[in-house]
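Ready for some practice at reading a protein model? Take a look at the picture first, then work through the exercises below.

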Amino acid sequence: MARRPNRHTMRTKMLWKKRIACWIALSLAAAFLAGCMVGPNYHRPAVQTPTSFRDLSNNPQAQAQAASYADLPWWQVFQDSQLQELIRIAIKQNYDLQLATERINAARDQVAITRSSLFPQVAANGNFIGGKEGTFQTKYNFFTSTADAAFQLDFFGKLRRATEASRAELLATEDARQVVILTLVSDVASDYFTLLQLDLELQITRETVATQQDSVKLTNFRLEHGVATKLDVLQAQQTLDTANAQLPDLERQIAQEENAISILLGNYPQAVPRGKPLVEQSLPPEVPPGMPSSLLERRPDIREAEQILVAANAEIGVAKAQFFPQISLTGSGGGSFGRSSAFSSLMGSQLGIWSYGAQVSQPIFTGGALSGNLRLAKSQNQQALIAYRQAIQQAFGDVSNALIGYQKLHEVRLRQQDTVADLQESVRLSNMRYTGGTTTFLEVLDGQRALFTAELTLAGARGDEYQSLVQLYRSLGGGWQQ
């Protein structure tokens with residue numbers, strides 16, 4: 001027949017339940033009372049920004065519109081299908097981006113760790129003892145089970161400020177990942193246009209080599225018939241040798257540029273497929289920068305700098321809270337169950353176990369550690385504020401430089417096209433004059449050398465124009481969505 005629990009055991013259990021209920025009520029009341037947090041609340045600093053971006057277009061209406069070129073996603077800006085595929089591969093496989101993603105995961109876990117201090121910490125314990133003792137070999141078995149709880153009251157907001165700082169650091173890592181994406185996509189596009197520029201220079205050089213080979217054959221033929229001189233042949237051969245000498249260097253640069261793109265894509269060095277040649281790539285007729293105020297929200301590096309400032313501001317509250325008392329509540333409850341062969345009355349006995357307490361810790365003398373910690377937090381906050389303002393200033397400088405660069409490099413390319421067209425006509429006329437015997441072959445060679453140089457310069461101007469487009473889109477914090 002089962003034993004009825006004695007009156008003492010029942011009273012112990014009831015008392016234990018009341019103590020635990022009282023402890024919980026006290027904890028909840030403390031949580032409500034903990035609304036006070038020391039330290040400054042964050043407010044975005046007032047920053048004076050220009051009313052427009054500086055450029056050389058003298059067209060203020062172009063900047064008055066709210067829509068920005070940067071609002072377009074990258075696949076609408078870079079319309080080469082092969083470049084789009086390279087960007088997608090880079091976003092998927094690049095190791096820098098993978099590291100940035102893991103930093104976000106680590107920061108998210110750190111928020112969970114810091115936030116856990118706001119809640120009671122509960123642990124369960126179990127202990128079993130069994131054996132024999134004494135002359136009569138008395139057998140006994142005892143099992144004890146308890147649950148311990150501890151709760152630090154956040155009267156002055158130390159734990160909440162620490163959680164606020166961790167959340168801001170998490171947001172900063174997410175913005176840092178956007179910076180990595182922005183840099184990665186712009187680097188892939190920039191290197192791709194550099195590769196196309198080198199391809200164009202290689203094509204021009206090969207065409208020049210073919211033209212000069214024909215010139216050498218022609219001058220040799222004219223020498224055999226007494227129309228040209230040996231000097232004409234040597235001059236033509238010299239021009240051919242100069243063009244030939246540039247081929248290996250261009251091939252070296254192309255291979256190294258392909259290797260650089262492969263690394264960005266997370267691949268080992270290999271050949272890179274091309275889409276449209278450089279002369280067929282599209283350029284937007286206009287690139288409105290949009291409203292300057294939107295730059296603060298669009299540029300991820302500015303957002304990252306602000307979140308670092310938010311975290312530094314919260315750390316001031318953490319440092320201030322160290323001056324105030326730290327209050328903790330503790331509680332423990334459980335039971336002990338035992339059996340002994342020596343005392344039949346103790347068979348199946350149950351004993352209630354409970355305890356509770358509170359602890360207060362107030363710093364009195366720390367040798368200046370707390371004051372130094374507060375000054376350090378304030379200094380780090382000022383550093384973060386300076387870095388935030390510097391990031392904004394640098395962003396406006398980037399946009400201004402990119403706008404001016406895109407406008408002026410476009411003009412350079414147009415004027416260089418005129419130069420090439422003029423030299424092409426000059427070479428054509430020189431060939432006609434030389435064939436007609438009214439000029440020397442030196443005039444023809446000078447024109448061909450000047451045309452070769454001008455065509456290479458035009459290829460560089462085309463590449464610079466596309467590079468400036470990439471830099472403008474990047475400086476505006478363009479939509480680098482995946």
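**Exercise 1: Place a glycine**

Start with line-of-sight neighbours: find what G266 touches, and where G266 sits.

Solution. Leaving out residues up to four places away in sequence, G266 touches Q93 and Y95, where contact means heavy atoms within 4.5 Å. G266 itself is found in the loop between α7 (230-264) and α8 (295-298). Helices here are DSSP runs of H or I with at least four residues, strands are runs of E with at least two, and both are numbered from the N terminus. Now look along the chain: A90 is 176 residues away from G266, yet their C-alpha atoms are separated by 6.6 Å.

Before you go on, a word on the model. It is predicted, so local features need pLDDT of at least 70 and side-chain atom pairs count only at pLDDT 80 or more, while totals for chains, interfaces and linings use all residues. Residues are numbered from 1 along each chain as its sequence is written, and side-chain values use heavy atoms, with hydrogens and water left out.

**Exercise 2: Explore the core**

Work out which residues have the most contacts inside the largest nonpolar core, and which helix gives it the largest share.

Solution. A nonpolar core is a set of buried Ala, Val, Leu, Ile, Met, Phe, Trp, Tyr and Cys residues joined through side-chain atoms within 4.5 Å. Buried means under 20% relative accessible area, exposed over 50%, and partly exposed in between, with a 1.4 Å probe and protein chains only. The largest core has 70 residues, and F78, L83, I87, V188 and F193 have the most contacts inside it. Its largest share, 15 residues, comes from α6. Now zoom in on V188: leaving aside neighbours within four places in sequence, its contacts are L83, L86, I87, A90, L264 and L265.

**Exercise 3: Buried or exposed?**

Decide whether Q84 counts as buried or exposed, and list what touches it.

Solution. First, find Q84 in helix α4. Its relative accessibility is 13%, so Q84 counts as buried. Next, skip neighbours within four places in sequence: Q84 is in contact with W74, W75, F78 and Q79.

**Exercise 4: Compare two helices**

How do the axes of α6 and α11 cross?

Solution. The axes of α6 (residues 158-224) and α11 (residues 441-475) come within 9 Å and cross at roughly 170°. That makes the two helices roughly antiparallel, a label for angles over 145 degrees.

Conventions. Axes are lines fitted to C-alpha atoms, for helices over the stretch in contact, and angles run from 0 to 180 degrees between N-to-C directions. Angles under 35 degrees count as roughly parallel, over 145 as roughly antiparallel, 65 to 115 as roughly perpendicular and the rest as oblique.
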